[in-house]
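Thanks for sending this one over. Here are a few notes to read alongside the model.

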Amino acid sequence: MAGGVHRVFVSHLSGVAVFDPNGDQVGRVQDLVAMLRVGGRPPRVLGLVVEVVSRRRIFLPMTRVTGVESGQVITTGVINLRRFEQRPTETLVVGELLDRRVHLVDGGEEVTVLDVSITRLPARRDWEIDKVFVRKGKGGALRRKGETLTVEWSAVTGFSLEEHGQGAANLLATFERLRPADLANVLHHLSPKRRAEVAAALDDDRLADVLEELPDDDQIEILGKLQEERAADVLEAMDPDDAADLLSELPEDDMERLLTLMQPDDAADVRRLLAYEDRTAGGLMTTEPIVLRPDATVADALARVRNPDLSPALAAQVYVCRPPDETPTGKYLGTVHFQRLLRDPPFTLVGSIVDTDLRPLPPDTPLPSVTSYLATYNMVAAPVVDESGALLGAVTVDDVLDHLLPDDWRETELHSGALGMSDLPEAADGH
């Protein structure tokens with residue numbers, strides 16, 4: 001958090017103004033949405049419930065929150081104005097946790113929850129509830145007479161999910177610790193009914209990550225069981241190339257309807273990818289590589305590389321281009337590799353250290369040639385440039401591997417062994 005603040009109590013957030021990157025107020029915080037976890041683990045904060053000017057309550061993911069300071073919340077990116085609807089696995093912090101009667105682990109004394117604090121995890125964009133402000137003594141009219149104290153989340157009991165139970169909430173609490181690829185493997189082995197329940201309860205970003213790791217049939221099945229507006233939200237959260245691959249498997253009418261529901265900028269990226277032939281550089285590329293102007297510094301480049309949402313392949317190099325900075329960019333000048341960024345002083349301009357020896361790929365480059373390029377030059381990603389010299393995107397080695405491996409590679413014994421089915425909770429058997 002900005003300004004050296006490491007913790008914010010929820011009572012201080014209620015009613016706080018929310019501003020977009022341009023400084024315009026979009027609404028006020030009404031509540032926070034959290035996901036309880038098994039045992040004493042602190043809940044993950046998923047987002048804010050914000051009341052906008054029209055008095056509509058919308059959901060703002062914490063991944064869109066860039067700062068909580070001076071009595072205001074700063075967001076980044078486009079805000080989705082669809083009405084907030086609480087899901088079964090979600091808990092409203094103000095509405096459901098405050099004023100709850102819980103017990104102290106040490107001694108078992110019953111206390112009343114007056115407030116909770118949230119904190120941002122170091123080097124990540126995840127937020128957790130970490131502390132609880134409680135009052136001792138009986139509830140009701142006399143509760144203000146008791147002693148107050150602040151304790152760790154793990155020091156109280158009465159919040160967290162029980163270890164047993166068959167609800168989707170318990171499944172999600174257990175699955176939260178899994179990598180997307182492992183969770184995708186679990187979902188693949190659930191019954192269709194159970195798979196739909198878990199997918200419906202996952203937040204959009206998590207479901208997007210998991211869909212990218214599932215076989216095509218599972219992707220289509222899950223997307224088809226979501227409400228269309230939510231399906232569009234999940235597609236927006238996916239990498240554009242993965243979203244394009246998924247949409248290309250749908251009937252034309254369904255694909256167009258979902259593209260229309262997506263945010264215009266996100267839909268434009270996906271439409272651009274759909275225009276290229278499958279198994280070509282244009283069809284394989286992502287439209288969101290790291291793009292910098294030549295007057296950016298090494299320090300600027302390293303700051304972009306540190307983004308935890310970037311895949312290792314995309315973080316391995318930055319592409320230097322004339323403005324505009326979004327793909328398709330101005331003239332492509334060259335690539336700066338991550339190792340070079342580590343060797344040069346922070347004030348060095350990236351325009352002075354670009355690698356211009358590696359030729360970029362045209363968008364119609366066939367898959368075998370893309371593979372040979374990456375293997376020949378020991379690259380994990382390659383720039384894709386059009387005839388005018390504009391950078392269109394980058395092809396990463398993981399996308400190439402997806403198309404080189406057999407269609408059923410995700411279902412092989414080796415892959416399904418990444419997480420043994422015996423490691424799953426009883427609820428995962430789909431019965």
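The points below go through several local features of this predicted model.

1. Strand β15 is a good place to begin. It spans residues 317-321, and five of its five residues are buried, so the strand is largely enclosed by the rest of the structure. Q317, Y319 and C321 point one way from β15, while V318 and V320 point the other way. That fits a general pattern: in a regular strand the side chains alternate between the two faces of the sheet.

2. The partner of β15 is worth a look too. Strand β14 (residues 291-292) pairs with β15 in the parallel sense, over two bridges. Within this pairing, L292 has V320 of β15 as its bridge partner.

3. Next, helix α11, which covers residues 264-274: A267, D269, V270, R272 and L273 are buried there. Their cover includes three helices, α9 (240-248), α10 (252-261) and α12 (281-284), along with strand β18 (391-396).

4. Do have a look at D203, in the loop between α5 (192-201) and α6 (204-211). Its relative accessible area is 12%, under the 20% cut-off, so D203 counts as buried. A polar atom of the D203 side chain lies 3.2 Å from the backbone nitrogen of D205. Setting aside neighbours within four places in sequence, D203 is in contact with R44, L46, R87 and R230.

5. Finally, the surface. V380, V397, L401, L404 and L405 make a nonpolar patch of about 360 Å². One of these, L401, lies in helix α16 (residues 397-404). L401 counts as partly exposed because its relative accessibility is 43%.

Note on methods
Residues numbered from 1 in each chain as written. Predicted model: local features only at pLDDT ≥ 70, side-chain atom pairs only at ≥ 80, totals over all residues. Heavy atoms only, no water. Patch = residues over 30% accessible without salt bridge, like charges linked within 9 Å, V, L, I, M, F, W, Y side chains within 5 Å. Areas by Shrake-Rupley, 256 points an atom, 1.4 Å probe, with all protein chains shown as cover. Salt bridge = Lys/Arg side-chain N within 4 Å of Asp/Glu carboxyl O. Helix = DSSP H or I, 4+ residues; strand = E, 2+ residues; numbered from the N terminus. Buried < 20%, exposed > 50% of the residue type's maximum accessible area, 1.4 Å probe, protein only. Polar contact = N/O pair within 3.5 Å; in protein donor to acceptor, adjacent residues only side chain to side chain. Contact = heavy atoms within 4.5 Å. Pairing = 2+ DSSP bridges.
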